[in-house]
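Welcome! Here are some short exercises to work through with the model open beside you. Try each task before you read its solution.

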Amino acid sequence: MTEKFEPVIVGFTCNWCSYRAADAAGTARMKYAPNVRLIRLMCSGRLDPSFVIKAFATGADGVMISGCHPGDCHYISQNYKALRRYLLLRRTLAGFGIEPGRVKLVWASAAEGLKLTEEINAFVEEVRALGPLNWPKWDGAAEVFESELAPHIATEVPA
Amino acid sequence: MTAKPKFAMYWAASCGGCEIAVLNTNEKILDVDANFEVVFWPVAMDAKYEDVRAMEDGSILLTLFNGGMRNNENEEMAHLLRRKSKILVAFGSCATEGCIPGLANLSPLSEMVDTAFTTISTDNPDNIRPQTTFEVPEGTLTIPILNPVLKTLAQVVDVDYYMPGCPPESTQIAAVIDLVIQVVQGKAQLPPKGSVIGAGNSTVCDECPRARNVKVISAFRRIQDVAPLDPNLCILEQGVPCNGPATRSGCNSRCPRVGAQCIGCYGPAEGVLDYGARLVTAFASVVDSDEPKEIERILEGIPDPTGQFYRFNLADSMLRAGKSAWQKKG
Amino acid sequence: MNDYIYYPGCSMEGSGIAYHESLMVVKKVLGMQLHEIDDWNCCGATEYLGTSTIPAYSLIARNLALAAQQTVGNKTVMAPCSACYLNLVKADHNMAESKVLGGKVNEALAAGGLHYDPGSLTIRHLLDVFINDVGLDTIKSKVTHPLTGMRVAPYLGCMVPRPDYGHQFSDYEQPTELDDLLRALGADVIDYPLKTECCGGHMAQIGPETAYEMIRRLVSTAENRQADIMVTVCPMCQMNLDAYQPETNSFFGTNYQMPIVFFTQLMGLAFGADAKEVGFGRELVSAKKALARIGVAAPAPAASAPRSKKPQGLPMPASKFQKKAAAEMAIKEGSK
Amino acid sequence: MSDEKKTPKEKIGVYVCHCGTNISAVVDVEGVRDWVQKNMAGDGVVIARDYKFMCSSLGQELIEKDIKELGLTRVVVAACSPHLHEKTFRTAAENAGLNPYLTELVSIREQISWVHTDKAVATAKAKSLVAGTVKRVVNNEALEKLKVPINANTLVVGGGIAGIQAALEIANGGFHVYLVEREPSLGGHMAQFDKTFPTLDCSACILTPRMVEAGTHPNITVLTWSEVTNVSGYIGNFSVTIKKKSRCVNEELCTGCGICIEKCPKKVIDDTFEAGLGYRKVIYTPFAQAVPNFPVLDQPNCTYFEKGTCKACEKFCPTNAIDFTQQDQILNVEVGNIILATGYDLFDASRMTNYGYGRLANVYSSLEFERMSNSSGPTNGHIVLRDGKTKPETVGIIHCVGSRDKNFNNHCSAICCMQSLKFAHLVKEHTGATVYEFYIDMRTPAKSYDEFYQRIIDEGTVFVRGKVAEISDIPRIPDEEGKLIIQVEDTLVGKQRRIPVDMVILSNGLEPRADAKQVGKLFGISCSSDGWYIERHPKLDPVTTMTEGILIAGCASGPKDIPASVSQGAAAAARVMDKILQKEVELEPVRATIDEDKCSGCRICNNMCPFSAILYIEDKGVTRVNPALCQGCGTCIAACPAGAISGTGFSDEQILAQIDGILMAV
């Protein structure tokens, strides 16, 4: 593993602020790390924790959630719900051994193309530092790696 | 063919509660005997695996299979009974979603074995551990090999129906037995393959008599710390993490009715992808603050979120196991 | 609550001894416990930071490190001297801001087997402690000899309210805390707009003319507004205005006789201590006249013109503080 | 997962755009096309094409042709941001008979070719994004836009010039308007001004006719001394509750003769209309031309309400219109659209203690000066010091007070430069005093504004470029005795200067209304972090908001001068009339729905909706969503513990499939 690890990150944006921030970054030709692949939602409040879990279970190394700044939500206050869910989800994922650092909540207004790209670059580095997650694809593939693990520590000689 | 249809029941990694639940159907058990020939039921009658192997494939009409896939013996029996049965029912929480044994998926196998063989509750001064093989004059003895993570029945073999609950409610079992008998007598149709039987489609709240309001939670507390618990008000609204809102109905809200929070043994509601995620989002959504610090403070009230939200469903959740359980060492 | 880690600083033992003496009296009355930092050293005053950064910060941080070691539960360091206060709070803040600086300073401290984690202590000025911890109500309740009739000019100098890292003061330009405190003592506090102007600092040594002009401005304004006495919270201010007043007079051919004392000295008097006990007599410009005012019936202050039915001229807009007071009143009313 | 085995249920066409070379320069467009063709057949991709400009009519025809000939049931276009061309391609598909919501656009320009450089990496990312959208679109459903009827009445909140303009436009268009104003009279800030820049025509002279027209218009119901207390409903169908505060004056009987005002024995400082510079009676109309001209009784200050005696007004009223027992009135009105023209608050200069406002007598706020220079103001137009007599000989005017200052407001208040120039002119005209203007930058962008600036220069006003540090009354030299000294760094000379003056006029900035946030909540719109209301689009849609049917005009969305406010009032009115004339309005069908069999009535979702679209049906023990109120944010969907709520356009199935797609090995 000499070449540097390129994390795969799924990003969820709201339709009104952060997705437009990405548009703005594009229009302004701001260059940033290509590791994040965005999925557009109407609002960060739409973000169902299942989406984040699904992303990790399907091979993502990190997940970025982005929405309008607190107080600026186009649906008045829904980004606060996103904030609450994000905080509880991180605690829950920690129980699975998924570092809280693999999920990031970013506020970016439609005008903040630059901020969004900076946040993305920073997050990519943070996840790179955490290393690959590669969660097992349980179906089929799982059997293989289980057999590797199988004849297990039970064969310990009595002390 | 006047012979009675054959019935089997087997337990893999489970506590035996499911069997007791079946016996709790009281007289109904006589109908089973009247309508079926019980060919294999380790807890109730003597029969050897060889007898089952000897049976014709598909010769058993109905097998109620409880318990999770903890080791290769469990898996072997799952494959065997799948071959031999027309209708294989994942019976009870362990077989459908892993249940309590599934919680071991959060830690490495070694830890589980240590817990079993070296904690204070175990009298094992010489720290003796089981060995997979052991030589005796008669030859080599082997014991089953543990899987690194516990699997549900459906993760190993094709399952026809799922019957949740830890254990399934006896009334529900009776109803299912009735149904199968009716089907045998040609009086009824089986539900589509893969459906959940012996349970509702909504969640526990649907059957819960407690009054409920718009929810706003400013503190989570353990039920014993809420004194007195309002007997008529939604338990979650009183700050006690009750899994009822996300848990499949069918138990007639047994626990909330008697003043205990639902712990989720009936698993996710129809069509839900990840049970725990539903609780995460539901609880978080009604936290009464927009201030990160304050929110964190409130969330401190749930000391073990993973355990709280995946108590029964872990092995069947999208992530299925904690990193430490499957990650290769070094 | 009333326990503080106490950093006196050099002036409290020298030029500002009156400050020290009066503080000792006042703290007793108010039941404050001051735990002096053992083996504290000079804070570097106002120049050192400007000349060589790391050594200067290290010098300051040593005190913080010691303080942190010597804390018994309590985490608040109190400094009566403005310069000391500002240096300590600045070091703490900047070490936290810049990891580099923090690292270098701790390297230096390590040589002496010391270490300081920025942010682990709260550093506050005496005035802030009186206002926000002790509280005006308590102070009022201890007043036995109100300073009725004494016209006082409240002067903070520049270092306490700026930059005010802890946001303890009501304003950067016109903070009213000292006014409120002196009013609580019964004194007749004049509107003194130069509260936070510079006293000249060390200009008195390196560029006297500049300093004289600044001193003249401060003193003359107090004089023009019929102040009997000027009150300060800072040893350096006190020193400059008091010690250099004669020079200033001879430089401008004026004859100001404005006594400059520490606020704690007046607190002492109001609490019933005798003048000597709280360091009176140490000031160079005598405070005799001013003291004479207290107790003896003072001439009624220029009474404001009787309110005529027909309002005179145009009404004034309310100031920030009148508004604040009004708002607080409203809340009080509301709560009733 | 295992859908490769099943035969795909949809026929999908994928179209990759070169956008000239905007995309193809960085993304291997053909590569993407071939990859999709090869790897996504199992998902139903039957055709993948690339084209130079998909958005061109030829590009669109390409899609339409395939839909017709290959019977495509889904379309994916990989090109620019959906915010640019989603509509274009959906319309194209619709023309070919495919429901528009079965077409999806993937942004491989804004999100890839414009922001990445490595061709291989960019192409790989393009493949995964397209794969995601292909898997997503399979789960798209055909949707129909919702249609709701429009109530032809309109509510305009705020009786300033913007609100008046909006109301008149709509009323003249033949539709009814309720014009609600918090103060006793229409007019707003403009009524307080003396002259208006740059033409210097008298503010009252141009405003009064409009106020009168609004006040007498058959299609306008003017409700002054009134506030909106509740709003419910949605575009086309709002029901609004308005509190008409008690005037203690019976409007049927009152003739507006003004005798009560004359006879009232008590005077109080008028800190609203006279900006605290003058006095008014306790029963009063804010100014002579007030519309309506019924007086208002200031109950908290009224001697009768304090002591139970006096009643002078009642005694002398010729028509017995005074009614001390009058109660607040609650009115309910039904409207289809709402225009908020709630204006601004003046920055409170006393917060800038270094300028001494409130401490130094002769420091005036801009509104104080407006009133002073107004011939109907407290000084009858005489410009004098606080003593009420002395004329100033030198006057300093300070720009950007509370604006362009990170301690207070970052924004430029837009009107202050011109306002200050106007002040300079008025001071010279009335007093011939020497006038200094202290500015950071001079901003005179609009029509004939800069000419006005030149004129003021020619009039001999002295311009000093620099932000004033302090205004002090402490002299340093004899010349400064008894003066206000303005301490400033003259950035053109590069020197600190101290300029003694007799009077200082602060050009206060404009701030959002103190209660903007609450009002926003009331109407279901939001403020940006600086407190102004957010427009749907700052450039292309400045008078509408994210909430359908709620429009904004004038300073509610940011500082504006009179012409800009008037144009916005008119623009908002035009938008409203366009909606009214359509008779019904189409709403995006992105909506949440609840499966009542699955819903257990746990009520977790009940407070998720800021648009109160979610209602709990007590007797059935289930929750429902009102599709017309629903704005489609999806927060309730994500909240439902039973998975009983689903959302069109962004369903779980769509998003989960998209995740599978973008994480496909490429």
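**Exercise 1: Domains of chain B**

Chain B is divided into domain 1 (6–101 + 148–184), domain 2 (111–147) and domain 3 (204–316), with bounds that come from an automatic or database domain assignment. This is a predicted model, in which local features need pLDDT of at least 70, side-chain atom pairs count only at pLDDT 80 or more, and totals for chains, interfaces and linings use all residues. Residues are numbered from 1 along each chain as its sequence is written, and chains are lettered from A and ligands numbered from 1 in the order in which they are written.

Task: how far apart do the C-alpha centres of domain 2 and domain 3 of chain B lie?

Solution: the two centres are 39 Å apart.

**Exercise 2: Two helices from two chains**

Task: at what angle do the axes of helix H3 of chain A and helix H11 of chain B cross?

Step 1. Find H3 at residues 78–95 of chain A and H11 at residues 292–299 of chain B. Helices are DSSP runs (H or I, at least four residues), numbered from the N terminus.

Step 2. Their axes come within 10 Å and cross at roughly 45°. Axes are lines fitted to C-alpha atoms over the stretch in contact, and angles run from 0 to 180 degrees between N-to-C directions.

Step 3. H3(A) and H11(B) are therefore oblique to each other: angles under 35 degrees count as roughly parallel, over 145 as roughly antiparallel, 65 to 115 as roughly perpendicular and the rest as oblique.
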